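The report below goes through one structure topic by topic, beginning with the contacts between protein and nucleic acid. The sequence and the coordinates are shown first.

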Number of protein chains: 2
Amino acid sequence: MDVRPDGQRATLQDVADRAGVSLATASRVVNDGSRKVGKDLADRVNKAVAELGYTANLQARAVATGQSTMIGVALRDISDPYFSSIAAGLIEVADAGKLLVCMTSTVAHEDAEREYVALMRAQRARAVVLVGSRSDNTAARAALRAELDAFTRSGGRAACVGQNLLGVDTVLPENRAGAEALARALAALGHRRFAVLAGPRSLLTGQERTNGFRDGLRAWSVPLDPARVVHGDLSRDGGYQAMSEILAAGEPLPDCVFAVSDIMAVGALARLRSAGVDVPGDIALAGFDDIPTLRDVYPPLTTVRLPLRRLGEIAARLVLSDDAPQPRVVPVPGEVVLRDSTRPRPPAAREPEARPPATQPPATQPPARRPRG
Amino acid sequence: MDVRPDGQRATLQDVADRAGVSLATASRVVNDGSRKVGKDLADRVNKAVAELGYTANLQARAVATGQSTMIGVALRDISDPYFSSIAAGLIEVADAGKLLVCMTSTVAHEDAEREYVALMRAQRARAVVLVGSRSDNTAARAALRAELDAFTRSGGRAACVGQNLLGVDTVLPENRAGAEALARALAALGHRRFAVLAGPRSLLTGQERTNGFRDGLRAWSVPLDPARVVHGDLSRDGGYQAMSEILAAGEPLPDCVFAVSDIMAVGALARLRSAGVDVPGDIALAGFDDIPTLRDVYPPLTTVRLPLRRLGEIAARLVLSDDAPQPRVVPVPGEVVLRDSTRPRPPAAREPEARPPATQPPATQPPARRPRG
DNA sequence: TATTCTCGGGAAAGCCCTTTCCAGAATAAT
DNA sequence: ATTATTCTGGAAAGGGCTTTCCCGAGAATA
């Protein structure tokens, strides 16, 4: 194979020469299907291909045909299990469709997503998928929208996982509804004094989850003290730090802490443990996402399960289906999963004014289950 | 922008036409640097570029120049934090070098890696990185080597993270030495009866870690009962399952269980917990990798820390440096991290024949530290 | 037998760029 | 003033592929 004297890669012309056929014929054999080629000539071409170790140059093919097989994926942080799970779903579907997935981590700066879309436009990528919460930086968002617009206008497909703010196909995790259901479930367990570890101030996902949680409490007429909503990085250390602030605020401690992501919840758990506060004995703790890798932390974490792989799969499918040029939105509900980190609060400890919601009976809550004992 | 009547993407010829210059001049302006162009003409070209929203077709450029900016990465399972951490390191370095990272998950079948390398060859990728343990399927390995050979022979660079068996640049996590050091440390803590959750039978990383562990024990003249080495999938469920087998084998339980990966260890921990076996009270448990996401499991897991991000960074740098065409090997040591999951075994419980190694004093062990209190 | 169809093959135009080569102008050196 | 040296710009030849268009030969139809 690859017997060209100059050590260079064999070209289709080499194949054609060696087989004694024209370039056109060689091409037709290699892309078999486009048009028929006589058996004997085809055999000669295949022989030449094998002998030269020829592989078609996909870049050149893409230039010639004007269509690419690349799909670009930008996510905030590939090492975060939330994103890597979504990426896994995306890759699976894309691989099945014989597409090439290009990936970047946009941790760096706000503009990274826009730059990546521009790069994908230059690469003539078939599609681009943006994964992760939007921020409330509207200027950056406008720039991103413009870039996505240019991308789609030149024939590319675009989708995002997160908020529906970019004018493209969107997979929409129901952060607000999930957090609301969680709040109701926690209130139903008897918890009354809550704190929220809310993620970065500018990130919409954190805002949605916080607001949804507040709404859920409101249904039970349980207030959420704004002073007990502390912001922090959406990471283990962010959760640790935010929990520290709650502890530093002094007595009385909340009954229950809601961290807007499991990762933060784990950081909070570590902080509580180091302070000698027992979970769930002294304080209940809940997260969001149901990160698979964290299903075995102790105590098992109450959370809102999102089908992360599916988010990626859906996004990939949206972007690969060639129908429906107009932006579609696919909401994906979360499911409250009650585990041991939020045991029912013993009635003795409850405050007198606790009462179930009047307007909306608890029966409207999404089903809550306790998997894995 | 993009004002071409047919809605198609603007081409460099369009730019040249609109600016009233030749294609060559337009090209020179766009790739500024190759050759000087008069100020006025350059301005006209830039104006046309802006008006048309022109973006160079990178595929065509790659065909013309014969060099690509793509680097392919194949890893077993992107949703596994071990791999996603490595991927993060890779992406960071590649992004800094303005390279496009294409990624795939090769969970599916043994041949997936080979196919991906072939695909990268077809794409004329600049480099390819294979991340993950080799298996002992030598036939598949030979095929993979042949494909890598074809890839490098046609000018691509290749590297792998794992075993040095592919004849390409290799980042070599010191599985054996790490496991050996871990075994010594555990023996020094007083443990004598060990079990190993060894991962899939065919995966070399699991084999190396198991063998290294056995060696370490041998230094303390502690035997490892082959019946207590059970194989299982390199996953949470695999660890759970394997631990079940150990428990099913009946009394006496081992003092200490070594799972060849943290993920398996967590599964084992869940199994022990559900059986009412206390860790570390009744049994000690250790893992390998020191997955960041699992640093906060309870009890904190003794493990061998690998600098996962760095593995990816090193691999990326190997593949991007243009010197040294011959395959290089970069060994990366692990560091034993003793945490609470393996408390010292109380002397009362120790068996009489316990004794420190005669030939190699424990002082030769790598430094063991307990971070995070 | 004459006429129309396939059918298999090649020449060549195209895809969108880069880069070499060449020509003319402007500047420098003698 | 003449030659030699830059500079600038354009024409055109690539790069490696697909695909249209055309042509001759054999098959099918009348």
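## DNA strand D

In this predicted model, a polar atom in the side chain of Asn31(A) lies 2.7 Å from a phosphate oxygen of DNA strand D. Tyr54(A) also reaches the backbone of this strand, with an N or O atom of its side chain 2.6 Å from a phosphate oxygen. Arg35(B), by contrast, addresses a base, since an N or O atom in its side chain is placed 2.3 Å from a base nitrogen of DNA strand D. The elements that give two or more residues to the surface near this strand are α2 and α4 of chain A together with α2 and α4 of chain B, and α4(A) gives the most, with four residues.

There are 27 residues around DNA strand D, of which Leu12(A), Tyr54(A), Thr25(B), Arg35(B) and Gly38(B) come nearest. Of the atoms of the strand that come within 4 Å of the protein, 58% belong to sugar and phosphate. Sorted by class, the surface near DNA strand D consists of 13 nonpolar, eight polar and six charged residues.

## DNA strand C

Around DNA strand C there are 28 residues, and those that come nearest are Thr25(A), Arg35(A), Gly38(A), Leu12(B) and Arg61(B). Sugar and phosphate make up 62% of the atoms of this strand that come within 4 Å of the protein. The class composition of the surface near DNA strand C is 12 nonpolar, nine polar and seven charged residues.

Two residues of chain B are placed by phosphate oxygens of DNA strand C: a polar side-chain atom of Ser27(B) lies 2.7 Å from one, and a polar side-chain atom of Arg61(B) lies 2.6 Å from one. From chain A, the side chain of Arg28(A) has an N or O atom 2.9 Å from a base nitrogen of the strand. The elements that give two or more residues to this surface are α2 (23–30) and α4 (58–65) of chain A, together with α2 (23–30) and α4 (58–65) of chain B. Of the elements at this surface, α4(B) gives the most, with four residues.

## Helix α1 of chain B

Helix α1 of chain B covers residues 12–19, and its buried residues are Leu12(B), Asp14(B), Val15(B), Ala16(B) and Ala19(B). These buried residues pack against α2 and α3 (39–52) of chain B. Just after the helix, Gly20(B) takes a positive phi of about 70°.

## How the two copies are related

Two copies of a chain are related by a rotation about an axis and a shift along it. Here, a turn of 180° and a shift of 0.1 Å along the axis lay chain A on chain B with an RMSD of 0.1 Å. The two copies are therefore related as by a two-fold rotation axis. The same surface serves both copies, in that 98% of the contact residues of chain A recur in chain B. Of the residues of chain A, Cys102(A) comes closest to the rotation axis, with its C-alpha at 2.0 Å.

## Two arginines of chain A

Where in chain A is Arg134(A) found? Arg134(A) belongs to the loop between β3 (127–131) and α7 (138–153), and it counts as buried because its relative accessible area is 4%, under the 20% cut-off. Leaving aside neighbours within four places in sequence, the residues in contact with Arg134(A) include Arg76(A), Glu113(A), Arg141(A), Gln163(A) and Ser202(A). Among its other contacts are Leu144(A), Leu165(A), Leu166(A), Leu203(A) and Leu204(A).

Arg157(A) lies in strand β4 (residues 157–161) of chain A. With a relative accessibility of 18%, Arg157(A) also counts as buried. A polar atom of its side chain lies 3.3 Å from the backbone oxygen of Leu318(A). Arg157(A) and Val319(A) are 162 residues apart in sequence, whereas their C-alpha atoms are 5.7 Å apart in space.

## Cysteines

How many disulfides does the structure hold over all chains? The number is zero. Cys160(A), at 1% relative accessibility, counts as buried, and Cys256(B), at 0% relative accessibility, counts as buried as well.

Notes:
Residues are numbered from 1 along each chain as its sequence is written. Chains are lettered from A and ligands numbered from 1 in the order in which they are written. This is a predicted model: local features need pLDDT of at least 70, side-chain atom pairs count only at pLDDT 80 or more; totals for chains, interfaces and linings use all residues. Side-chain values use heavy atoms; hydrogens and water are left out. A residue is near a molecule or strand if one of its heavy atoms lies within 4 Å of it. A polar contact is a pair of N or O atoms within 3.5 Å; within protein, one must be able to donate a hydrogen and the other to accept it, and residues adjacent in sequence count only if both atoms are side-chain atoms. Ala, Val, Leu, Ile, Met, Phe, Trp, Tyr, Cys and Pro count as nonpolar, Asp, Glu, Lys and Arg as charged, and the others, Gly among them, as polar. Buried means under 20% relative accessible area, exposed over 50%, partly exposed in between (1.4 Å probe, protein chains only). Contact means heavy atoms within 4.5 Å. Copies are superposed by least squares on the C-alpha atoms of residues with pLDDT of at least 70 in both. A disulfide is a pair of cysteine sulfur atoms within 2.5 Å.
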